[in-house]
Amino acid sequence: MARIKLQDVHKHYGRGAAAFHALRGVSLEMRSGEFVALLGPSGSGKTTLLRAVAGLETINSGQIQIGDDLVAAPGRHVLPERRNVGVVFQSHALWPHMTVFENVLFPLRESGLNETQARPRVMEALAQVELQDLAQRTPGELSGGQKQRVALARAMVANPRVILFDEPLASLDVELRRDMMRHIDQLRRPDSSMMYVTHNQEEALALADRVVLLFDGCIEQIDTPVRLCREPQTERVARFVGSGNLLPARRTGVVREGVAQVAVGDYAFEARDTSQGTSEQVRLCLAPTAFALVGPELPGLSVRVEHVFFQGSSYAVDGVLQGALAEPLSLVLPFEAQPRRGDMLRLQVRDAWVMPETASPDAHQPKSYIPQDR
Ligand code: ADP
Ligand code: MG
């Protein structure tokens with residue numbers, strides 16, 4: 001049972017006027033075995049949150065529970081080594097003077113096993129990351145990817161209740177990333193949870209069961225990767241995930257439950273709509289892949305091509321919508337489209353999402369809070 005529960009967690013760095021409010025009331029519940037990615041721009045508080053769960057950072061108020069244990073609360077701070085968590089950092093943080101074997105052995109030694117008892121478990125962990133043949137090397141004799149795999153083995157060898165990852169792929173070459181993602185994916189266990197910090201949306205969407213989107217120390221949206229991309233709740237989410245286009249449109253009617261008739265200029269099309277709003281003016285979120293190129297005689301949006309970026313098997317295009325709006329649009333077009341700068345395209349919309357009406361700006365303001373000493 002390794003449910004993780006965070007309730008109204010606040011963290012300040014520093015005191016008084018210079019205090020920085022890094023976590024502003026974060027509440028989150030993770031199921032046992034769940035893989036949760038914490039996604040957000042640099043400085044949004046992801047590392048702070050992860051370190052608070054690991055016990056490497058105290059919190060100012062709120063509480064953190066791992067399984068049935070209350071590990072952090074006002075006046076309570078369970079030390080990291082007593083939380084039964086594994087951590088993988090961006091820079092592997094291996095002990096340079098120990099062999100690979102000794103590095104992975106370390107957490108088991110700490111938990112009181114001797115080498116004879118621990119050896120099979122160390123070798124099993126190394127086999128999981130395909131490093132059993134390099135057990136006697138030191139970290140200095142390994143590549144970056146291999147070092148990071150040792151860090152994975154070390155984080156999981158003691159069967160922790162939670163494995164915490166902080167940007168584990170950030171220091172790796174592009175071609176090694178997929179390999180590491182495979183290894184991380186293989187570590188999933190029904191009885192331990194994973195919390196994975198990244199500013200890279202591709203990693204978060206690819207690996208996680210649910211993504212927690214963090215801005216300025218507050219959770220903006222928690223959802224499955226698919227829902228986060230297809231049903232962003234705020235414009236910040238739409239822009240950060242999936243580089244969605246946001247376009248003003250008119251809502252002219254209801255097609256059926258959950259689908260509205262909308263129009264941009266005189267081009268009418270359908271959009272997914274669960275907003276239950278009533279206003280005619282709406283904003284649409286349109287993924288770059290949501291457009292289909294059609295002949296100029298057909299109805300559609302007219303878009304002028306400004307920049308073309310070849311992507312191997314498709315083209316990314318920056319365009320500008322023609323007409324009164326002159327909104328920028330980013331598109332992905334198939335290879336056959338062969339777009340060129342200056343081209344005028346006629347595009348039909350295959351999929352669109354009506355943005356929920358924004359709550360009052362106050363809804364996202366942090367609660368007032370007075371720092372207290374610990
Ligand atoms: P992220 O991991 O999302 O980039 P962090 O959790 O590292 O963000 O930092 C969140 C905010 O807290 C940043 O503005 C950062 O400058 C600040 N911060 C982090 N650690 C400290 C510290 N030890 N002292 C003061 N401010 C800090
Ligand atoms: Mg960080």
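Which residues of H1 are buried? In this predicted model, the buried residues of H1 are Lys46, Thr48, Leu49, Leu50, Ala52, Val53 and Ala54. Seven of the nine residues of this helix, which spans residues 46-54, are therefore buried, so that H1 is largely enclosed by the rest of the structure. Directly after H1 comes glycine 55, which has a positive phi near 90 degrees.

## Nonpolar cores

The largest nonpolar core contains 45 residues, and the members with the most contacts inside it are Val104, Leu126, Leu152, Phe165 and Ile184. Helix H4 is the element that gives the most to this core, contributing six residues. For isoleucine 184, the contacts, leaving aside residues up to four places away in sequence, are with Phe35, Leu152, Phe165, Pro168, Leu169, Met194, Tyr196 and Leu207. There is also a second, separate core of 28 residues, which includes Val53, Ala72, Val78 and Met195. Val53 is also one of the buried residues of H1.

## Salt bridges

The structure holds 23 salt bridges, and three of them are set out below with their N to O distances.

| Acidic residue | Basic residue | N to O distance |
|---|---|---|
| glutamate 29 | arginine 3 | 3.0 Å |
| glutamate 34 | arginine 210 | 2.6 Å |
| aspartate 69 | arginine 161 | 2.8 Å |

In the pair of arginine 3 and glutamate 29, the arginine lies in the segment before strand S1 (4-13) and the glutamate in strand S2 (residues 20-30), so the bridge ties together parts that are 26 residues apart in sequence. Both partners fall into the partly exposed class, arginine 3 with a relative accessible area of 25% and glutamate 29 with a relative accessibility of 39%.

The side chains of glutamate 34 and arginine 210 meet in a salt bridge that links distant parts of the chain, with glutamate 34 in the loop between S2 and strand S3 (35-39) and arginine 210 in strand S10 (residues 210-215), 176 residues apart. Glutamate 34 has a relative accessible area of 3%, and because buried means under 20%, this acidic residue counts as buried.

Aspartate 69 and arginine 161 also meet through their side chains. Since aspartate 69 belongs to strand S5 (residues 69-73) and arginine 161 to the loop between H4 and strand S8 (162-166), this pair ties together parts that are 92 residues apart in sequence. Aspartate 69 is partly exposed at 37% relative accessibility, whereas arginine 161 is buried, with a relative accessible area of 15%. Elsewhere, Lys11, Arg51 and Glu57 are joined into one network by salt bridges that share partners.

## Pockets

The largest pocket encloses about 670 Å³ of space. It is lined by 18 residues, of which Pro80, Glu81, Val85, Gly86 and Pro107 are the closest to its centre. Strand S7 (85-88), helix H2 (100-110) and helix H4 (144-156) are the elements that give two or more residues to this lining. By character, the lining of the largest pocket divides into 12 nonpolar, three polar and three charged residues.

The second largest pocket has a volume of about 270 Å³. Its lining is made up of 14 residues, and those nearest its centre are Met156, Val157, Asn159, Pro160 and Arg189. Helix H3 (residues 115-128) gives the most to this lining, with four residues, and the lining as a whole comprises six nonpolar, three polar and five charged residues.

## Backbone angles

Most residues other than glycine have a negative phi. Asparagine 159 departs from this pattern, with a positive phi near 50 degrees. This asparagine is placed in the loop between H4 and S8, and at 56% relative accessibility it counts as exposed. Asn159 is also among the residues that lie nearest the centre of the second largest pocket.

Glutamine 338 likewise has a positive phi, in this case near 45 degrees. The place of glutamine 338 is in the loop between strand S19 (328-334) and strand S20 (344-349), and its relative accessibility of 36% puts it in the partly exposed class.

Methods: Residues are numbered from 1 along each chain as its sequence is written. Chains are lettered from A and ligands numbered from 1 in the order in which they are written. This is a predicted model: local features need pLDDT of at least 70, side-chain atom pairs count only at pLDDT 80 or more; totals for chains, interfaces and linings use all residues. Side-chain values use heavy atoms; hydrogens and water are left out. On a 1 Å grid over the protein atoms alone, a cavity is a set of points where a 1.4 Å probe fits but cannot get out, and a pocket is an open set with protein on both sides within 12 Å along at least five of seven lines; lining residues have an atom within 4 Å of a point. Grid points are joined across faces, edges and corners, and a volume is the space filled by probe spheres set on the points. Ala, Val, Leu, Ile, Met, Phe, Trp, Tyr, Cys and Pro count as nonpolar, Asp, Glu, Lys and Arg as charged, and the others, Gly among them, as polar. A salt bridge is a side-chain nitrogen of Lys or Arg within 4 Å of a carboxyl oxygen of Asp or Glu. Buried means under 20% relative accessible area, exposed over 50%, partly exposed in between (1.4 Å probe, protein chains only). A nonpolar core is a set of buried Ala, Val, Leu, Ile, Met, Phe, Trp, Tyr and Cys residues joined through side-chain atoms within 4.5 Å. Contact means heavy atoms within 4.5 Å.
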